[in-house]
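Reader: I am a first-year student, and I should like a close look at a single part of this structure. Would you please describe how its aromatic rings are arranged?

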Amino acid sequence: MREKQDAEKDNRVSAKHGAPAHSRISNRGGQRNSSIELLRIIAMFTILAHHFIVHNGYDVLKLPLGPERIFFQLAMAGGGKVGVVIFFSISAWFFLDREQTIKSNLKRVWIMERELLFWSLALMAFYLVSDHANLGMKLMVKSFAPLTMNVWWYATAYAIFLALLPFLSKGLKALGREYHLALAATVLIIWGLTSFIPKTLGDSALTGVFGFIYLFILISAYKWYMKPFSTKRTWLIIGIGLGFFLLYTCASIALSLLGHSMGIFIAGDWKLPVVMVGFGMFLLFDRVTFHSRVINRIAQSAFAVYLITDYAASEKLLWGRLFNLENLYQQPLAILQILGILLSIYAVCTLLDFIRQALFAATIDRRRGHWFDLLWNAVSSRISSSGWGRA
């Protein structure tokens, strides 16, 4: 009976926004679904592993062809692209459950910017004292305005997406079912199918915020207008995506044997198999509900793991000097050692963010977003009194 009441509640919430209820509400009763939070942690770990490969001081293509190199390229480098899809899908899915306003989204950007500024200045100070050579004047200047200076691409692209989201969401709803599904099919043809072919539109034209918009169009079309995929069909979608990963891996191996070493093409930004695996994994985890305070607590710091380790000076220190692939791949059980190192880095970054959260809780989070509200109200009052907002 309780499950039926909860389901009816979910349907009412979704109906309010003109969308069918596809999933459990992540924050039902004020408590996050730890299945989704666990997936958030996993996604960030895959992104960390991806950065270990792509930013490493030793090019993975210089490794001899073998199981280790294939694992590094396929599971670690490719897995990180899947992780980005998962990380964004979690946010996009629950954005669709509530109305998006200009104020609420700009407030999200404001709150995110505080964390970005904290870490950019804290990391700048750390490297200024301990490792000045890796810092550089350009990075120092950028660290004072991390969002606008694109210190972290994901944060900047995500902020732009949030600013556009109220208009994008209303526009997609205004399209209606027929045109929205047609739009989803169109972008799948333009960027989905062409992503299988090198040197086409799907190869490099879809990056940053446009990748977010592309994925949001597909996710909203599925959630609002399509019948939910069964578990069997979801596994099939993931399996097909992984099948393309393996197919292109075989092609990469064949080319390497012919003397043309290159990456696994299909494991790139927003490639259709990447989207299939990433979104499919999200749908699977969304079917499970459990609650763990430990998992939820750790997941709160997932974004900080990205910020700390993907700071330009951190990349040079971690992947160029301390954990260079050239020094690790020949060690016994190299893959397990590297995964252990990455887990340790993840844990340290999480603990550091716990300290940041405690500092915020004692200071600026006591009235979270209060300064933004004051600024918004002041600007709104001035606009109203000047008559700018009148028709």
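**Aromatic rings in the predicted model**

Author: Trp153 counts as partly exposed, since its relative accessibility is 34%. That value comes from a predicted model, as do the others below. The neighbour in sequence, Tyr154, is buried, with a relative accessible area of 8%. The ring centres of Trp153 and Tyr154 lie 5.6 Å apart and their planes stand at 70°, so this pair is edge-to-face; the cut-off for that label is an angle over 60 degrees.

Trp153 and Tyr154 also belong to one aromatic cluster, together with Phe87, Phe88, Tyr158, Phe161, Phe212, Phe216, Trp270, Phe303 and Tyr306.

How many aromatic pairs are there by the rule that ring centres must lie within 6.5 Å? The count comes to 34. One further pair joins Phe94 and Phe282: their ring centres are 6.4 Å apart and their planes are at 75°, so this pair, too, is edge-to-face. Phe94 lies in helix 3 (residues 67-95) and Phe282 lies in helix 10, so the pair ties together parts that are 188 residues apart in sequence. Both partners are covered: Phe94 is buried at a relative accessible area of 9%, and Phe282 is buried at 0%. These labels apply because buried means under 20% relative accessible area.

Helix 10, which holds Phe282, deserves a word of its own. This helix runs over residues 272-286 and has 15 residues. From the first C-alpha to the last, helix 10 reaches 21 Å, close to the 21 Å expected at 1.5 Å a residue. Helix 10 is mostly covered, with 13 of its 15 residues buried.

Aromatic rings also meet charged groups here. The charged end of Arg297 sits over the ring of Phe354, at 4.2 Å from the ring centre. In a second case, Arg356 lies over the face of Phe360, and the distance to the ring centre is 4.7 Å.

Finally, the setting of these rings may be described for the whole protein chain. The chain contains 16 helices and zero strands. Of its 391 residues, 48% count as buried. Among contacts between residues at least 6 apart in sequence, 81% join residues at least 24 apart; the pair of Phe94 and Phe282 likewise links parts of the chain 188 residues apart. The accessible surface of the protein chain comes to about 19700 Å², and 66% of that surface belongs to carbon and sulfur atoms.

Conventions
Residues numbered from 1 in each chain as written. Predicted model: local features only at pLDDT ≥ 70, side-chain atom pairs only at ≥ 80, totals over all residues. Heavy atoms only, no water. Helix = DSSP H or I, 4+ residues; strand = E, 2+ residues; numbered from the N terminus. Expected span 1.5 Å × (residues − 1). Buried < 20%, exposed > 50% of the residue type's maximum accessible area, 1.4 Å probe, protein only. Phe/Tyr/Trp six-rings, centres within 6.5 Å; stacked < 30°, edge-to-face > 60°. Lys NZ or Arg CZ within 6 Å of the ring centre and 35° of its normal. Contact = heavy atoms within 4.5 Å. Areas by Shrake-Rupley, 256 points an atom, 1.4 Å probe, with all protein chains shown as cover.
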